Amino acid sequence: MGSSSGYYGSMAKKRIVIVEDHEEMQILYKAMFRREKGIEIAAQVSDAEDALNVIKESNPDLVIVDITLPGMSGIEFVEQVHESFPGIKFLIVTGHDSDRFYESAKKAGADDLITKGESTELVSAVRRLLGIT
């Protein structure tokens, strides 16, 4: 059928779900990923319970999880759900010292953990985990 070059626009976008309880961060994520080719936000939710329902419904490729959520930590959330969704990548984001939580996040099943404030680092981590170059 020939080369696929030139057909990037028709490729299926990778879907992400964002689990973040701060509205300002939800707005920032929306702005960050709006222009990213190959990525679409399937849903944004503010707690673990809603996240579980949205993940079941939308079958995303990646879930970005805030480390601090109402009711449970992002690490606890990933630990509870990652085995039920083996094809989904989990990226935990923290406003705290990421080195302090890295081992716990990996042990819980997260694919990576990064610091929140670095938007270019976040986009790079998402693209890497999704296999988008």
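1. Let me start with Ile88 and its surroundings. In this predicted model, Ile88 touches Ile55, Asn59, Pro60, Asp61, Leu62, Val63 and Asp111, leaving out residues up to four places away in sequence. Ile88 itself sits in the loop between α3 and β4. Its relative accessible area is 7%, so Ile88 counts as buried, the cut-off being under 20%. If you want a distance to check, the C-alpha atoms of Ile88 and Gly74 are 15 Å apart, with the two positions 14 residues apart in sequence numbering.

2. One of the partners of Ile88 is Asn59, and Asn59 deserves a look of its own. Asn59 belongs to the loop between α2 and β3. Is Asn59 buried or exposed? With 55% relative accessibility, Asn59 is exposed. Its backbone is worth a glance too: phi is near 45°, a positive value in a residue that is not glycine.

3. Next comes Ser58, which is part of helix α2. Ser58 has a relative accessible area of 14%, which means that this residue is buried. Which residues does Ser58 touch, not counting those up to four places away in sequence? They are Arg15, Val17 and Ala42. For Ser58 and Ile39, which are 19 residues apart along the chain, the C-alpha separation is 14 Å.

4. Thr94 makes a good companion case. This residue lies in strand β4 and has a relative accessible area of 0%, so Thr94 is buried. Outside the window of four places in sequence, Thr94 touches Ile67, Phe101, Leu113, Ile114, Thr115 and Lys116.

5. Now to the nonpolar interior. The largest nonpolar core holds 26 residues, and Val19, Val63, Val65, Phe77, Phe90 and Ile92 have the most contacts inside it. At least two residues of this core come from each of β1 (14-19), β2 (39-45), α2 (48-58), β3 (62-66), α3 (74-81), β4 (89-94) and α4 (98-108). Another core lies apart from it, with 19 residues, including Met25, Met32, Leu91 and Leu129. As background, nonpolar side chains tend to be buried together in soluble globular proteins.

6. Ile92 is a handy residue to centre your viewer on. Setting aside neighbours within four places in sequence, Ile92 is in contact with Val65, Ile67, Gly74, Ile75, Val78, Ala105, Ala110, Asp112, Leu113 and Ile114. Among these partners, Ile67, Leu113 and Ile114 also appear in the list for Thr94.

7. On the overall layout, the chain has five helices and five strands. Read from the N terminus, the elements follow the order β-α-β-α-β-α-β-α-β-α. Of the contacts between residues at least 6 apart in sequence, 64% join residues at least 24 apart.

8. How do the overall dimensions look? A compact globule of 133 residues would have a radius of gyration near 14 Å, and the chain has 15 Å, so the two agree. Along the principal axes, the C-alpha atoms fill a box of roughly 50 × 30 × 25 Å. Buried residues account for 44% of the 133 residues.

9. Last, the surface and the charges. The accessible surface amounts to about 7800 Å², and 47% of that belongs to carbon and sulfur atoms. There are 15 positive and 22 negative side chains in the chain. The centres of these two sets are 8 Å apart.

Methods. Residues are numbered from 1 along each chain as its sequence is written. This is a predicted model: local features need pLDDT of at least 70, side-chain atom pairs count only at pLDDT 80 or more; totals for chains, interfaces and linings use all residues. Side-chain values use heavy atoms; hydrogens and water are left out. A nonpolar core is a set of buried Ala, Val, Leu, Ile, Met, Phe, Trp, Tyr and Cys residues joined through side-chain atoms within 4.5 Å. Buried means under 20% relative accessible area, exposed over 50%, partly exposed in between (1.4 Å probe, protein chains only). Helices (H or I, at least four residues) and strands (E, at least two) are DSSP runs, numbered from the N terminus. Contact means heavy atoms within 4.5 Å. The radius of gyration is taken over C-alpha atoms; the globule rule is 2.2 Å times the number of residues to the power 0.38. Accessible areas come from the Shrake-Rupley method with a 1.4 Å probe; for residues, only the protein chains shown count as cover. Lys and Arg count as positive and Asp and Glu as negative; His and the chain ends are not counted. The place of a charge is taken as NZ of Lys, CZ of Arg, CG of Asp or CD of Glu.
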